[in-house]
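User: I am new to this structure and would like to go through it step by step. Could you take my questions in turn and explain each term as it comes up?

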Amino acid sequence: MGGDKNAGQKRSSSKQAEARRWLFADQLGPHYLDSPDQPVLLIESQQVFRRRRFHRRKAHLVLSALRHRAAELGDQATFQQTRTYREGLPPDTSGLSVCAPTTYAARRLIGSLDVEMLPSRGYAVDEAQFADWAERRGGRKLLMEDFYRDVRKHHRLLLEGDGEPVGGRWNYDQDNREPPPKAPTLAQARGLDAPWWPEEDEIDEQVRADLDRWERDEGIQFLGEDGPRRFAVTRDEALKALESFVTTRLHDFGPYEDAILTDDRWMAHSLLSVPLNLGLLHPVEVAQRAERAYHEGDAGLASTEGFVRQVVGWRDYVWHVYWHFGDDYRRRNHLKARRKLPKWFAELDPDGEVGAKCLSSALASVREDGWAHHIPRLMVLGNWALQQGYDPVAVTDWFHRAFVDGYDWVMVPNVVGMALHADGGAMMTKPYAAGGAYINRMSDHCGGCRYNPKKRLGPDACPFTAGYWAFLDRNREEFANNHRMSRSYAGMGRLNDLEAVLEQERHRGASAP
C-alpha cells in the first residue's frame with residue numbers, strides 16, 4: 001500500500017490545532033483531536049430521529065456516547081442540544097475544523113459551511129491510499145483479499161521478519177467454518193466466558209428518560225425494544241471490552257464465527273463493532289491487540305487472522321468501496337427487485353407471525369438487541385430479502401435504522417453489494433443466495449422448526465429452500481452463464497416439480513413464512 005503509513009492521521013498545522021474541533025457522534029475517540037486539550041464542539045441534533053424511525057437501542061447508544069464524551073471533556077467542550085445541526089453552530093464558523101464525516105449528506109453539509117474539513121480518520125488506510133491501490137490494479141476487479149494483504153503489509157500485522165505471513169498463509173478462512181457444537185451455548189460446549197457488559201449510569205438514565213419524553217410528548221417513534229445497554233459508549237469501556245474479548249473469547253471466535261445457536265446470540269463475537277463505529281477505537285489498535293494476544297498464547301492463529309481480516313480487511317474495504325463507487329451506488333438495482341418490505345419484516349416481527357425458526361430468531365435478535373452477528377445478517381435476513389426480491393433501497397434503509405452498529409457507509413456496500421447483489425457483481429462475483437441446507441448445517445434452528453430444510457414443496461417445505469429455486473428461476477437470464485452457479489442451474493434443470501414450487505412461492509406472496 002503506497003504512501004506514508006500515518007497519512008491521514010498526522011497532526012495538522014498549529015493553526016488547525018488551535019481551531020475548535022467539531023466532533024460528530026461517530027468521531028468520539030482521542031484520535032479525532034490534534035491535541036488532548038483541543039477545544040471541542042459537540043452537537044446533539046434531534047432532527048435525525050424525527051426524519052427516520054431508528055431502533056430505540058440505537059438512539060440510546062448514540063446519545064449516551066455523545067453525552068458521555070461531553071461529560072468527559074467538561075469545560076473543554078461546548079455541548080449543544082438542538083433541533084438541527086445548523087442551530088448548534090456558532091454564528092461564525094470560520095474557527096471550526098472537522099474530520100471528514102462518514103456520509104455524503106454530512107460532507108455536503110460541511111461543504112455549505114465556512115468550516116475546514118480535514119481528511120477522514122479512524123480507518124486503517126485513508127482514501128488517497130485506497131485510490132492509489134485501486135489505480136494500480138489497472139482496471140482489474142477490486143478484490144477485498146488483495147486489499148487486505150496490502151493493509152497487513154502496510155501495518156506489518158501478523159508478519160514474519162521477511163514480510164511473509166505468520167504461519168505461511170494469508171487467510172485461514174477454511175479453518176473458521178465449523179458448524180455449531182452439540183450444545184445450547186458455547187459456554188456449555190467450550191467453557192466460554194460471558195461477554196463483558198457495561199454498567200449503566202446516570203447519563204444512561206437521563207437518555208432513557210428523554211427518549212420516553214420524545215415518544216410521549218413529541219411524536220418521535222422508535223423501532224424495536226428497549227433494554228439494558230449492551231455496548232461500550234466511552235473510550236474506557238471500549239478498551240475494557242477489547243481486553244476482555246482478546247484474552248477470553250478470541251480463541252473461540254474463529255472456528256464458530258459462522259455458526260448460529262438459538263440460545264447463544266453472542267457466541268464468541270467481539271461486540272466491538274459499536275465502539276469501532278462510534279470512533280472510540282481505532283481498527284489498527286484493535287488488530288494490534290489481537291496480534292499480541294496471539295503471540296502471548298491467548299488465541300490461535302486462525303482465530304486471530306480471521307478477526308484481523310474482519311477489522312482491517314473487510315471493514316476498511318467496505319468504507320472505501322462506499323466512497324469509491326460514489327453516492328449513486330446506493331440506488332443500484334441490477335436484479336430489478338421492487339417488492340416492498342412486508343410489515344412483519346419491517347417491524348421486526350413484533351407479533352410473532354414468523355414460523356420459520358431461523359428467520360424468527362434473527363428478527364427477535366434485532367428486535368430485542370438491535371444486533372445479530374454477520375451470518376444471521378447475511379445468510380438469514382439478507383438471504384431472505386434477496387430471494388424475495390425486496391427493494392434494495394428499502395432493505396438498506398432498514399438495516400441502517402434497525403442495527404445499533406448500522407451507518408450509511410456500513411450498510412450501503414454490505415446490503416447493495418454483498419447481501420442483495422444489486423450492484424451486478426461489482427463487489428461479489430456471485431449472489432449470497434442459499435437454501436435451507438446451509439442454515440441446517442450452520443445452525444441448530446432446523447431441528448425444532450415446523451419446516452423441513454430438505455423439502456421444497458408442501459406445507460412443511462422450507463421457505464428458504466423453495467425460495468432459493470424461485471430466485472434462481474426469476475434471475476435465470478442473469479446467472480445461468482455464471483460459472484460459479486453452473487452446478488445450481490444444472491440441479492434446477494433436474495427438478496421435476498419446479499413449476500409447482502414456483503406456484504407455491506407465488507402464492508406465499510408477502511405473508512410471513
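User: Is D405 buried or exposed?

Analyst: This is a predicted model, in which local features need pLDDT of at least 70 and side-chain atom pairs count only at pLDDT 80 or more, while totals for chains, interfaces and linings use all residues. Residues are numbered from 1 along each chain as its sequence is written, and side-chain values use heavy atoms, with hydrogens and water left out. Buried means under 20% relative accessible area, exposed over 50% and partly exposed in between, with a 1.4 Å probe and protein chains only. Because its relative accessible area is 4%, D405 is buried.

User: With which residue does D405 form a salt bridge?

Analyst: A salt bridge here is a side-chain nitrogen of Lys or Arg within 4 Å of a carboxyl oxygen of Asp or Glu, and the closest N and O atoms of this pair are 2.8 Å apart. The pair links distant parts of the chain, 28 residues apart, with D405 in the loop between α18 (392–402) and α19 (408–419) and its partner in helix α17 (residues 374–388); helices (H or I, at least four residues) and strands (E, at least two) are DSSP runs, numbered from the N terminus. The partner is buried too, at a relative accessible area of 16%, and the residue is R377.

User: Which residues are joined into one network by salt bridges that share partners?

Analyst: The whole structure holds 46 salt bridges. In one of them, the side chains of D210 and R213 meet at 3.4 Å, N to O, both residues lying in helix α9 (residues 202–217), three residues apart, or about one turn of the helix. R213 also meets the side chain of E218, at 3.1 Å, N to O. Through such shared partners, the network joins E44, R50, R67, D210, R213 and E218.

User: Is R213 buried, exposed or partly exposed?

Analyst: Its two partners set the scene: D210 is buried, with a relative accessible area of 9%, whereas E218 is partly exposed, at 29%. Because the relative accessibility of R213 is 31%, this residue counts as partly exposed.

User: Which helix gives the most residues to the largest nonpolar core?

Analyst: A nonpolar core is a set of buried Ala, Val, Leu, Ile, Met, Phe, Trp, Tyr and Cys residues joined through side-chain atoms within 4.5 Å. The largest one has 142 residues, of which Y317, L359, L381 and W398 touch the most other members. The biggest contribution, 13 residues, comes from helix α14 (residues 301–324).

User: Which residues does Y317 touch, not counting those up to four places away in sequence?

Analyst: Contact means heavy atoms within 4.5 Å. With residues up to four places away in sequence set aside, the residues that Y317 touches are F130, W133, L142, L143, M144, F147 and M427.

User: Which strands stand at the edges of the open sheet?

Analyst: The sheet has five strands in the order β3-β2-β1-β4-β5, with parallel pairing, where two strands pair if DSSP finds at least two bridges between them. Each edge strand has a single partner, so one side of each is left without a neighbour in the sheet, and these strands are β3 (77–82) and β5 (116–118).

User: With which residues is A70 in contact, leaving aside neighbours within four places in sequence?

Analyst: A70 is found in helix α3 (residues 56–73), and it counts as buried because its relative accessibility is 10%. Leaving aside those neighbours, its contacts are L42 and F79.
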